[in-house]
Amino acid sequence: MADIVGPLLDIVNCFAAPTCNYVNHYKNFDENVNKLRDKLEDLNRRRRDIESTIQAEGRAGEMVKEEVQGWIQRVQTINDEVQVILEKAQRVQWYRKACLGKQVRRKFDEVRDIHEQGSFTGSLVIARPPAPGSIIPTENLEGETSAKERIWEYLMGDEVGMIAICGIGGVGKTTIMKHVNNDLLRENRFQKVIWVTVSYPLNIFEVQKKIADAMGVKLQDEEQMRRVATLMDIMGRQSFVLILDDVWEKFSLRDVGIPEPVQNKSKVVITSRSIEVCKYLDCEIVKVQPLSQEESLNLFLDKVGRDVLQKVPGLEETLKLIVKECAGLPLAIVVISASMKGVDEIKVWRNALTELQECVKSVKGTDDEIFMRLKFSFDHLPNEKIRNCFLYCSLFREDYSFVREELIEGWIDEGLMDGLRSREAAYDRGHAFLDVLEKNSLLEKHFRRAIKMHDVVRDMAIKSIGPGVGYMVKTGMKLTEVPNEHEWARDLKKVSLMANGISKVPVGLIPKCPTLSTLILSENHLTEIPESFFEDMTGLKVLDLSGTNIEALPSSISKLEYLSALRLRRCERLKCLPSLEKLVALKKLDLRRAGIEVVPQGMEMLVSLEYLDLFCEDLKEIPTGMLSKLSSLQYLVARND
């Protein structure tokens, strides 16, 4: 008997547990479905919290950790899987509940495990590895292929380490190298492709900083030899192509911290108008020649539209003569063709040829030939306001990269958008003006939403202003002091001393400039301004001290009754301002990232104020009721946390 009962009990025990689980899955089906739904919602709440944290922590140049990315992907996958089960649960037949209930229980355990895995410690983002380089926006090359092929041959070979692209302004040196830069990044032969615009005058520290940024290293304001040693070490460990664009002066690679390129199979390429600079650096020189007449005509037709010869009967001969006046210089061809695009009257084309011939003839054989060709396009801009908007760009340092909105803000400050009903309307007008300048190739697209002015076009703009018009532009010239009093002519209207090394204004310097309307001192080391400095600048409307080390403003600023824009952005040492109550004409006050701790006195009296940026980390509070008194305010940014 025992021989029979024992095996039977084993069989019963074998089936008892599964049967019990089967019954539980059936019996607790609805409860387990609800638990699964609730647990999934807990998981999704955690995902939303993590995504919000990522957004808050994320900065430019950072990326989400791989483990966090993987977890978010698993959450998405489990959501899809649970959704399928929940849909089945709504229409399941009673006899299938136990089977589906088993899946519900398993999926609940998976959701719980993923939820627990989402308890991350530390930051959810990490620094992104520096990219090999940056793709630069550019246009198709017309001609110039032989020069590009020679450059490429030197870059791919082992014999030449230093290469110079030499030619006159506007001949296409930079355009060729933009194409080479992009091709090198696609080729993936070198670990780094670094583009640095050098310009005049040469600033070794700025070049060092740009190279270090491209190498993913933060270069401190330390002693010169230490910076050199740091760069030598970093660059010596990687193969690179360093492109130094627009070099005007002789210098030593060693003084910058650039290793001899042949030693680690790297390359250094410079573009320059100066054959002496190219020879001094012991470069293999590639001369860029002007385009042939055929190449010039092709480029002109590409820009103006190839159907123009059909649209304007009898144009061909006039068109060829206009192209000839461009002297094979791609920059001149692009700019002049842009100004003629859409013109379908043969009389207008003939007049354009006459004007172009006359202005070039007047400077034939001089360095001004290219400028006069470009000035033709400037003279044919639609109206005076657009021309003034263009000239305003020349107040900034060479190769300055404008954000579109930043430039439009400058135009608004200058009163070039006056007469419109709102700042929004002014922005719309500004974007329309920018489109005109871009279509006429007087401004060109840079990285992302940035735009810049070609250095030759900027030279033309400054020459177009001419002497006796009231401009003093000395930007990026390594000045350590403001100009002497005799340089501040009485008829000055606009002065830009941006991006120099000016640390103070001498006591006793009182420029007698009653008609001066714009003064730009941004990006200097300026720490203080004497009380008397603004005494005879009674007509000043725009004052820009952004990016300086200014610690306090003189109280005399309160007497500038026509001041309409005061820009103090990134003045981190500026803790307080004098009373502003008398500045009733002030329309813009920009204190973004200034060091102020309290709102300036008299703010409530600024009835004309339209733009106020108080995004200041140290600002403790904004007085109650102050903002409601600023009846003209249209733009406000504030932070007091």
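**Reading a predicted model: questions and answers**

Student: Why is Cys571 called buried?

Tutor: The relative accessible area of Cys571 is 0%. Buried means under 20%, so Cys571 counts as buried. The model is a predicted one, and the values here are computed from it.

Student: What makes Cys99 count as exposed?

Tutor: Its relative accessibility is 53%. The cut-off for exposed is over 50%, so Cys99 is put in that class.

Student: How many disulfides does the structure hold?

Tutor: It holds 0. As an example, Cys571 is in no disulfide, and the nearest cysteine sulfur, that of Cys616, is 10 Å away. A disulfide needs two cysteine sulfur atoms within 2.5 Å, and therefore a distance of 10 Å does not qualify.

Student: What makes strand β5 largely enclosed by the rest of the structure?

Tutor: The strand covers residues 240–245, and 6 of the 6 are buried, so β5 is largely enclosed. Both faces are covered. Phe240, Leu242 and Leu244 are buried on one side, and Val241, Ile243 and Asp245 are buried on the other.

Student: How do you know that β4 and β5 pair?

Tutor: They are joined by 6 bridges. Pairing takes at least two bridges, so β4 and β5 meet the rule. The two strands run parallel. One bridge sets Ile194 opposite its partner Leu242 in β5.

Student: What joins β5 to β6?

Tutor: Here there are 4 bridges, and the strands again run parallel. With at least two bridges required, β5 and β6 therefore count as a pair. Val241 has Lys267 in β6 as its bridge partner.

Student: Which strands form the open sheet with antiparallel pairing?

Tutor: That sheet has 3 strands, in the order β8-β10-β9. Its edge strands are β8 (401–403) and β9, because each of them pairs on one side only. Between β8 and strand β10 (residues 450–452) there are 3 bridges, and at least two are needed, so the two strands pair. Val403 stands opposite Ala450 in β10.

Student: How does the reach of helix α4 compare with the span expected?

Tutor: Helix α4 (residues 97–117) has 21 residues. The expected span is 1.5 Å times one less than the number of residues, which gives the 30 Å expected. From first C-alpha to last, the helix reaches 30 Å, close to that value.

Student: Which residues of α4 are buried?

Tutor: They are Ala98, Leu100, Gly101, Val104, Lys107, Phe108, Val111, Ile114 and His115. Each of them is therefore under 20% relative accessible area.

Student: What makes Asn188 and Ser199 stand out in their phi angles?

Tutor: Neither residue is a glycine, yet the phi of Asn188 is positive, about 60°, and that of Ser199 is positive, about 65°. Asn188 lies in the loop between α6 and β4, while Ser199 is in the loop between β4 and α7.

Student: Are Asn188 and Ser199 buried or exposed?

Tutor: Asn188 has a relative accessible area of 57%, which is over 50%, so it is exposed. Ser199, at 6%, falls under 20% and therefore counts as buried.

Student: Where does Pro201 lie, and what is the peptide bond from Tyr200 to Pro201?

Tutor: Pro201 is in the loop between β4 and α7 (204–214). The bond from Tyr200 to Pro201 is cis, with omega near -5°.

Student: What is the volume of the largest cavity, and which residues line it?

Tutor: Its volume is about 40 Å³, and the structure holds 1 cavity of 30 Å³ or more. The lining consists of Cys393, Phe396, Arg397, Asp399, Tyr400, Phe402, Met453 and Arg458. By class, 5 of these are nonpolar, none polar and 3 charged.

Student: Why is that space called a cavity?

Tutor: A cavity is a place where a 1.4 Å probe fits but cannot get out, whereas a pocket is open.

Student: How many residues line the second largest pocket, and which lie nearest its centre?

Tutor: The lining has 46 residues, with Glu139, Thr175, Lys178, Val334 and Glu444 nearest the centre. Elements giving two or more residues to it include α6 (173–187), β4 (192–197), β6 (267–272) and α14 (330–340). The lining divides into 14 nonpolar, 13 polar and 19 charged residues. The pocket volume is about 1,100 Å³.

Definitions and conventions. Residues numbered from 1 in each chain as written. Predicted model: local features only at pLDDT ≥ 70, side-chain atom pairs only at ≥ 80, totals over all residues. Heavy atoms only, no water. Buried < 20%, exposed > 50% of the residue type's maximum accessible area, 1.4 Å probe, protein only. 1 Å grid on protein atoms, 1.4 Å probe; cavity = no way out; pocket = protein on both sides within 12 Å on 5 of 7 lines; lining within 4 Å. Points joined across faces, edges and corners; volume = space filled by probe spheres on them. Nonpolar A, V, L, I, M, F, W, Y, C, P; charged D, E, K, R; others polar.
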